[in-house]
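I opened this entry to record what I looked up in the model. I took the domains, then the ligand, then the charged pairs.

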Amino acid sequence: MTTASRTNLLNLTPAEAESALRAFAESHGVPAYRGSQASRHLWGTAPAATFEDMTDLPKSFRALVAEHFELPRLALAAEQTSSDGTRKFLFTMHDGQAIETVAIPDGDRLTFCVSSQAGCALQCSFCATGAMGFARNLTVHEIAGQVRELAMLSPPLFATNIVFMGMGEPLMNWASVDKTLTILNDPKGFGIGARHITVSTVGWLPGIEALGARKEQFRLAISIHAPTDALRATLMPVNTKFPLAVVIDAAAAFDRRVTFEYVMLGGVNDTPAIASELAGLARRCKAFVNLIPLHPGGAMGFAPTTRENIGAFARQLRVHGVEVAIRKSRGTDIAAACGQLRVERLERRRPVAAN
Ligand code: SAH
């Protein structure tokens, strides 16, 4: 049997993989429970690197499974650790495309920021990933595989929370993200609670509806960044396709808590008048607002809003009854914002010292 025709078990949900392996076992005269046993090695806290490592299975069955199925790896090409404990990983895939994953510790939480596409088509003006353009969608195993690879490090890293805030627009790759959400949440996958998994989007309408249709309580974050179409269109070209009114309606219709992501751009979207307009939108969809300090490095021509002005902007939102948090900027010494490590590696910008 050729490599090309082997089934990639990591592109399947845990239930699909288990039934494929059970059927395979039975068709080869092996008891079906051996298939279930093999399926338990795919994800979780001790994922198997190879079929050979599934040592509770008979050697002959391991060899047979390896002929018909595959467990592809992502290659770890670079790693950086920030002085604040944030770790950033660059993975390369079979075709040489590179993606980033960031692990962010905060108290007893460990949040993984995962990528859903290699590059991004949306060209938001302040974003490093947008500047590199779109290469391709990631497959299921390339998204869930980021979490799997970190669970295979020694010592391993286990996520308590997942945010789809790495490279790419997750809702433009819904088919793969949909299945990945199942793998992350399923007790036979990684068993991470749906409320601890957040999908962040520019406001890609069909995807918001698809996410809302899932029965699990996955969280939705929308990158708003400006409360008027005129301003938002200058920052986010996608606003022409899905203007604010449409995005806000979808957010209001989403039956779970929604977060607005709002990157603070000095002198651009951070005035008191703009805060009042933003408050109006947030109140309409009962959204929680996350103010994000602009991450230096990827920020093409923009200046961060001062800490004082971020504080004033937050107070203004609170006066209008909006819940707001100021996101801590993490990993600034390792270029940990969206797309920055890949840009640094591939375009040979001067590396930022991790002091
Ligand atoms: N495409 C999705 C998810 C990826 S980006 C989305 O846009 O929501 C995750 C968040 O990081 C988005 O809110 C994005 O606007 C923000 N971001 C991108 N570049 C940034 C930078 N240089 N500083 C701060 N936030 C940035």
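I began with spacing: the centres of domain 1 and domain 2, taken over C-alpha atoms, are 34 Å apart. The model is predicted, and I read every value below with that in mind. For the bounds I went to the domain assignment of the protein chain, which puts domain 1 at 3-70 and domain 2 at 75-345.

**Domain interface**

How many residues of domain 1 are in contact with domain 2? I noted 16 from domain 1, against 15 residues of domain 2.

Next I looked up the area. The size of an interface is often given as the accessible area lost when the parts come together. Domain 1 and domain 2 bury about 1,400 Å² between them. Carbon and sulfur atoms carry 63% of that area. I then asked which residues of domain 1 lose the most area to domain 2. They are Asn-11, Pro-14 and Trp-43, and together they make up 39% of what that side buries.

I turned to the polar side of the interface. The rule finds 9 residue pairs in polar contact across the interface of domain 1 and domain 2, both residues at pLDDT 80 or more. On the side of domain 1 that touches domain 2, helix α1 (residues 14-27) gives the largest share, 3 residues. I sorted the residues of that side by character: 8 are nonpolar, 6 polar and 2 charged.

Between domain 1 and domain 2 I counted 2 salt bridges. I also looked up Glu-16, which lies in domain 1. Its salt-bridge partner is Lys-179, with the closest N and O atoms 2.9 Å apart. Lys-179 falls within the bounds of domain 2.

**Ligand surroundings**

I listed what surrounds the ligand and got 19 residues. The closest are Gly-168, Ser-200, Ser-223, His-225 and His-295.

Then I checked single distances. A polar side-chain atom of Ser-200 is 2.7 Å from an oxygen atom of the ligand. Thr-201 uses its backbone: an N or O atom there lies 3.3 Å from a ligand oxygen atom. For a nitrogen atom of the ligand, I found an N or O atom in the side chain of Glu-169 at 3.1 Å.

**Salt bridges**

Side chains of opposite charge can pair when their charged atoms come close. By the rule used here, the count comes to 18 salt bridges. I picked out one pair, Lys-88 and Glu-100, whose side chains meet at 3.1 Å, N to O. Where do the two sit? Lys-88 is in strand β4 (residues 87-92) and Glu-100 in strand β5 (residues 98-106). They are 12 residues apart, and the pair links distant parts of the chain.

Methods
Residues are numbered from 1 along each chain as its sequence is written. This is a predicted model: local features need pLDDT of at least 70, side-chain atom pairs count only at pLDDT 80 or more; totals for chains, interfaces and linings use all residues. Side-chain values use heavy atoms; hydrogens and water are left out. Domain bounds come from an automatic or database domain assignment. Contact means heavy atoms within 4.5 Å. Buried area is the accessible area (1.4 Å probe) that two parts lose on being put together, summed over both. A salt bridge is a side-chain nitrogen of Lys or Arg within 4 Å of a carboxyl oxygen of Asp or Glu. A polar contact is a pair of N or O atoms within 3.5 Å; within protein, one must be able to donate a hydrogen and the other to accept it, and residues adjacent in sequence count only if both atoms are side-chain atoms. Helices (H or I, at least four residues) and strands (E, at least two) are DSSP runs, numbered from the N terminus. Ala, Val, Leu, Ile, Met, Phe, Trp, Tyr, Cys and Pro count as nonpolar, Asp, Glu, Lys and Arg as charged, and the others, Gly among them, as polar. A residue is near a molecule or strand if one of its heavy atoms lies within 4 Å of it.
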